[in-house]
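This report covers helix packing, ligand contacts and two points of backbone geometry. The sequence and the model are shown first.

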Amino acid sequence: MTRFLTVGAAQMGPIQRSHSRREVVERLVAHLREGKRMGCDLVVFPELTLTTFFPRWYMTDQAEIDAFFEAEMPSNETAPLFNEAKRLGLGFCLGYAELARENGRVRRFNTSIIVERDGQVVGKYRKVHLPGHAEHEPQRPFQHLEKRYFEVGNLGFPVFKAFGGNIGMCICNDRRWPETYRVMGLQNVEMVLLGYNTPIHNAPAPDHDEHTWFHNQLSMQAGAYQNGTWVVGVAKGGTEEGIPSLADSMIVAPSGKVVARAGGDGDELVVHRCDLDAGQSYKRSTFNFAVHRQPDQYRMIVERKGAMDP
Ligand code: ING
């Protein structure tokens with residue numbers, strides 16, 4: 001029997017610094033209700049969904065920084081989201097800034113969780129590829145201080161049994177790196193859920209700006225096709241605190257085809273009924289890793305001294 005999973009990519013328009021978590025959660029709940037109306041089983045929210053994208057600012061006061069983090073999940077402010085999802089029988093994927101206390105240490109991660117239809121958190125991922133910089137770079141029109149505010153994720157790229165399939169997550173910049181998808185592909189991932197905050201201007205390489213849309217689509221199409229998996233990419237888009245950010249949320253099939261796409265740059269639910277078996281023909285043929293991949297050769301080249309020598 002075909003395993004269909006109807007997914008809603010819940011694109012968010014700008015979240016300004018003045019927007020409270022309560023106001024944001026109301027927008028997220030509106031997405032859940034629309035998702036229910038449209039037959040969704042799962043609604044996917046963007047990276048750092050609960051606040052404005054705060055790494056755009058240089059801050060030194062830890063209390064000011066920590067105001068953007070969640071010390072518990074769910075909290076009083078986010079409980080309405082969990083409660084409404086459970087009431088509607090919907091699962092969701094939520095990106096947020098995680099403040100964790102582990103072994104007596106405070107740790108801060110750019111995190112994403114998968115919550116099943118019974119309200120249980122069944123998976124957590126912490127962003128590995130942190131772009132940007134760690135120190136103030138005043139010459140930039142805006143900062144990108146993820147390396148300052150977050151630690152590198154320490155959970156790897158796990159794949160979880162959820163929603164009747166093998167579901168993985170990554171976050172924003174992770175989607176640009178083929179290893180991200182391949183590590184999950186080697187775990188037979190069938191759907192990758194990811195959110196992103198992507199400024200259209202890339203200060204270190206302004207000549208890339210015109211390709212922002214293309215690079216976004218290219219990265220997710222390649223990851224989907226080369227690993228026989230669905231990819232759900234969900235933006236926080238529009239002009240947030242004066243910074244134009246890429247929208248263009250989309251759902252990509254294992255064929256690499258974009259099967260659903262946002263039309264605007266505001267709050268918009270993009271829905272598609274995904275056949276979780278659609279990746280099997282790729283995993284069994286073109287990308288049958290056991291039959292066609294030669295990992296020993298890759299290792300030899302990488303480990304051999306002077307790998308570029310003839
Ligand atoms: N944002 C951006 C992203 O990878 C970026 C950073 C933009 C990197 C453009 C390279 C080019 O989409 C986050 N949050 O990772």
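The crossing of helices α5 and α6 is right-handed. This is a predicted model, and the description below follows its helix pairs, its ligand site and two loops.

**Helices α5 and α6**

Helix α5 covers residues 178–185 and helix α6 covers residues 212–227; their axes lie 9 Å apart, at an angle of about 25 degrees. Because angles under 35 degrees count as roughly parallel, α5 and α6 are roughly parallel to each other. On the α5 side the contact is formed by Tyr181, Arg182 and Gly185, which meet Ser219, Met220, Gly223, Gln226 and Asn227 of α6. Sorted by class, the residues of this contact comprise 2 nonpolar, 5 polar and 1 charged.

**Helices α1 and α3**

A second packed pair joins helix α1 (residues 21–37) to α3, with axes that come within 9 Å and cross at roughly 10 degrees. This angle therefore makes α1 roughly parallel to α3. From α1, the residues in contact are Val25, Leu28, Val29, Leu32, Arg33 and Lys36, while α3 supplies Pro80, Leu81, Glu84, Ala85, Arg87 and Leu88. The contact of α1 with α3 divides into 8 nonpolar and 4 charged residues, with no polar ones.

**Ligand surroundings**

How many residues surround the ligand, and which are the closest? There are 13, and the closest are Glu146, Cys172, Asn173, Arg176 and Thr198. Polar contacts of the ligand include those tabulated here.

| Residue | Protein atom | Ligand atom | Distance |
|---|---|---|---|
| Glu146 | side-chain N or O | nitrogen | 2.8 Å |
| Arg175 | side-chain N or O | oxygen | 3.1 Å |
| Asn197 | polar backbone atom | nitrogen | 2.9 Å |

Glu146 thus appears both among the closest residues and as the side-chain partner of a ligand nitrogen atom. With Asn197, the ligand nitrogen atom is paired with a polar atom of the backbone.

**Backbone geometry in two loops**

Which peptide bond is cis, with omega near 0 degrees? The bond is the one from Met73 to Pro74. Pro74 sits in the loop that runs between α2 (62–66) and α3 (79–88). The α3 helix after this loop is the partner of α1 in the packing described above.

Asn103 has a phi near 50 degrees, a positive value in a residue other than glycine. Asn103 is found in the loop between strands β3 (91–102) and β4 (105–115).

Note on methods. Residues numbered from 1 in each chain as written. Predicted model: local features only at pLDDT ≥ 70, side-chain atom pairs only at ≥ 80, totals over all residues. Heavy atoms only, no water. Axes fitted to C-alpha atoms, helices over the stretch in contact; angles between N-to-C directions. Helix = DSSP H or I, 4+ residues; strand = E, 2+ residues; numbered from the N terminus. Parallel < 35°, antiparallel > 145°, perpendicular 65-115°, else oblique. Left-handed = near helix turned anticlockwise from the far one by under 90°. Contact = heavy atoms within 4.5 Å. Nonpolar A, V, L, I, M, F, W, Y, C, P; charged D, E, K, R; others polar. Near = heavy atom within 4 Å. Polar contact = N/O pair within 3.5 Å; in protein donor to acceptor, adjacent residues only side chain to side chain.
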